[in-house]
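Notebook open, structure loaded. I want to go through some helix pairs and a handful of single residues, and jot down what I find.

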Amino acid sequence: MLDTLFQASILVSIAAAAVRIATPLLLAALGELVAERGGVYNMGLEGMMLMGAFTGYLAAYESGSLWVGVAAAGFTGALMAFVFAVMVITLKVEQIVTGLAVNLLGAGLSTYWLRAAFAGDGQTPTIPFFANAPIPYLSELPYVGPVLFDQKLITYLAFLMVPAVWFFLYRTRYGLILRCAGDNPKALDVKGIAVAPVQYAAVVFGGLMAGLGGAFLSVGSAARFVPEMTNGRGWLAIIIVIAGLWRPWSILVAALLFSFLDALQLQIQGIGIATPYQLLLMMPYVAAIVALMVRRSRASAPAMLGVPYLRE
């Protein structure tokens with residue numbers, strides 16, 4: 001039975017699944033990276049992803065358009081992030097506590113809204129979801145083609161955002177300003193650049209990306225919305241940022257590692273290898289704990305991460 005796992009077709013299937021599973025993690029983690037580079041610790045990713053998944057599903061169901069659902073999910077995540085930013089940047093409320101409150105809000109509101117919208121239907125209706133969009137010729141390449149070039153459009157977007165975020169952070173003036181807001185906001189203030197708008201933009205972008213990650217879970221890969229369907233992915237995205245040392249390319253590697261473990265345990269269950277499924281489900285989260293232990297140093301973190309800027 002174990003020999004089956006190492007067949008070429010099975011390994012390609014695992015790798016393709018890992019790329020697909022990495023999509024929401026990568027979107028949320030890149031958004032969190034931008035927010036944290038601006039000095040704001042957004043612990044509300046789970047709630048933003050969950051609300052994005054729900055509003056994306058509801059908008060797609062009501063409009064009949066999956067892209068309307070994606071847009072609604074991104075807007076919802078950005079809106080929740082704006083509320084979060086008002087609390088932590090303008091009102092100086094403690095960032096971790098506010099993030100936890102956003103998570104509770106997302107979990108409660110999405111469940112209530114789901115029941116209110118479909119109270120008389122008995123069960124939530126299904127919707128179509130995005131099909132794969134194979135890239136001509138490239139998708140036909142042996143081994144690599146099915147893994148990298150036969151995915152959904154949102155997956156391509158997620159992976160293209162890695163070089164885009166890297167270029168923004170390290171090759172543009174605005175990226176330098178953002179990184180300065182996280183490392184030395186007083187220097188920006190001295191130069192006459194307001195810190196709050198920079199942080200607002202970073203947090204709202206992070207919420208937008210979290211909403212898109214949530215949309216992938218509903219309109220991207222499922223036929224309906226299920227309460228708590230994010231299943232801890234928002235928390236995992238935060239861990240991926242830490243494991244990736246706050247760098248886009250390292251975050252990509254960390255996201256693929258966690259998603260590979262998830263894809264592997266699904267494949268092991270699928271081919272019937274005699275292993276307790278509870279242990280298999282634990283694999284990505286055990287790896288996350290190990291990553292936090294290994295990356296316990298904050299040497300690569302923005303110097304003022306989580307510290308509200310008080311203008312003197």
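Which residues is Ile89 in contact with, leaving aside its neighbours within four places in sequence? I looked that up and got Val40, Ala196, Gln199, Tyr200 and Val203. Note to self: this is a predicted model.

**Entry 1: Ile89**

I placed Ile89 in helix 4. I have Ile89 down as buried, because its relative accessible area is 6% and the cut-off for buried is under 20%. I also checked a distance from here: Ile89 and Gly106 sit 17 residues apart in sequence, and their C-alpha atoms are 20 Å apart in space.

**Entry 2: helix 4 against helix 5**

Next I took helix 4, residues 66-90, together with helix 5, residues 95-117. Their axes come within 10 Å and cross at roughly 150 degrees. Angles over 145 degrees count as roughly antiparallel, so that is what I call helix 4 relative to helix 5. I wrote the crossing down as right-handed.

Who makes the contact? From helix 4 I listed Met80, Phe84, Met87 and Val88. From helix 5 I listed Gln95, Thr98, Gly99, Val102, Leu105 and Gly106. Sorted by class, the contact has six nonpolar residues, four polar ones and no charged ones.

**Entry 3: Gln95**

Gln95 was in that contact list, so I gave Gln95 its own look-up. Gln95 belongs to helix 5. Buried or exposed? Gln95 is buried, at 4% relative accessible area.

What does Gln95 touch, not counting residues up to four places away in sequence? I found Phe84 and Val88, both of which also appear on the helix 4 side of the contact above. Gln95 touches Gly39, Val40 and Tyr41 as well, plus Gly306, Val307 and Pro308. Val40 rings a bell: Ile89 is in contact with Val40 too.

**Entry 4: helix 3 against helix 11**

Second pair: helix 3, residues 45-63, and helix 11, residues 233-243. I read off axes that come within 7 Å and cross at roughly 130 degrees. Helix 3 and helix 11 are therefore oblique to each other. This crossing is right-handed.

On the helix 3 side, the contact is made by Leu45, Glu46 and Met49. On the helix 11 side, I noted Arg233, Gly234, Trp235, Ala237 and Ile238. The class tally for this contact is five nonpolar, one polar and two charged residues.

**Entry 5: Glu32**

Glu32 lies in helix 2, residues 8-37. I checked the accessibility of Glu32: the relative accessible area is 1%, so this residue is buried. Sequence neighbours within four places aside, Glu32 is in contact with Tyr41, Asn42, Leu45, Ile238 and Val241. Two of these, Leu45 and Ile238, I had already written down for the contact of helix 3 with helix 11.

**Entry 6: helix 11 and what follows**

How many of the 11 residues of helix 11 are buried? Nine are, and I put the helix down as mostly covered. The buried set is Gly234, Leu236, Ala237, Ile238, Ile239, Ile240, Val241, Ile242 and Ala243.

Helix 11 is followed by Leu245, which has a positive phi near 55 degrees. Leu245 is in the loop between helix 11 and helix 12, residues 248-271. I have Leu245 as buried, with 16% relative accessible area. From Leu245 to Phe118 there are 127 residues along the chain, and the C-alpha atoms are separated by 43 Å.

Trp246 is in the loop between helix 11 and helix 12 too. Phi of Trp246 is positive as well, near 60 degrees. At 2% relative accessibility, I count Trp246 as buried.

**Entry 7: Tyr137**

Tyr137 has a positive phi, near 70 degrees, and is not a glycine. I found Tyr137 in the loop between helix 5 and helix 6, residues 144-148. Tyr137 counts as exposed, at 70% relative accessibility.

**Entry 8: helix 8**

Last look-up: which residues of helix 8, residues 173-183, are buried? I got Gly175, Ile177, Leu178, Ala181 and Gly182. Seen down the helix axis, the buried residues fall within an arc of 160 degrees, so they line one face of helix 8. The face turned away from that buried side carries Arg173 and Leu176, which are exposed.

Key: Residues are numbered from 1 along each chain as its sequence is written. This is a predicted model: local features need pLDDT of at least 70, side-chain atom pairs count only at pLDDT 80 or more; totals for chains, interfaces and linings use all residues. Side-chain values use heavy atoms; hydrogens and water are left out. Axes are lines fitted to C-alpha atoms, for helices over the stretch in contact, and angles run from 0 to 180 degrees between N-to-C directions. Helices (H or I, at least four residues) and strands (E, at least two) are DSSP runs, numbered from the N terminus. Angles under 35 degrees count as roughly parallel, over 145 as roughly antiparallel, 65 to 115 as roughly perpendicular and the rest as oblique. A crossing is left-handed if the near helix is turned anticlockwise from the far one by less than a right angle, and right-handed if clockwise. Contact means heavy atoms within 4.5 Å. Ala, Val, Leu, Ile, Met, Phe, Trp, Tyr, Cys and Pro count as nonpolar, Asp, Glu, Lys and Arg as charged, and the others, Gly among them, as polar. Buried means under 20% relative accessible area, exposed over 50%, partly exposed in between (1.4 Å probe, protein chains only). The arc is that of the directions from the helix axis to the C-beta atoms.
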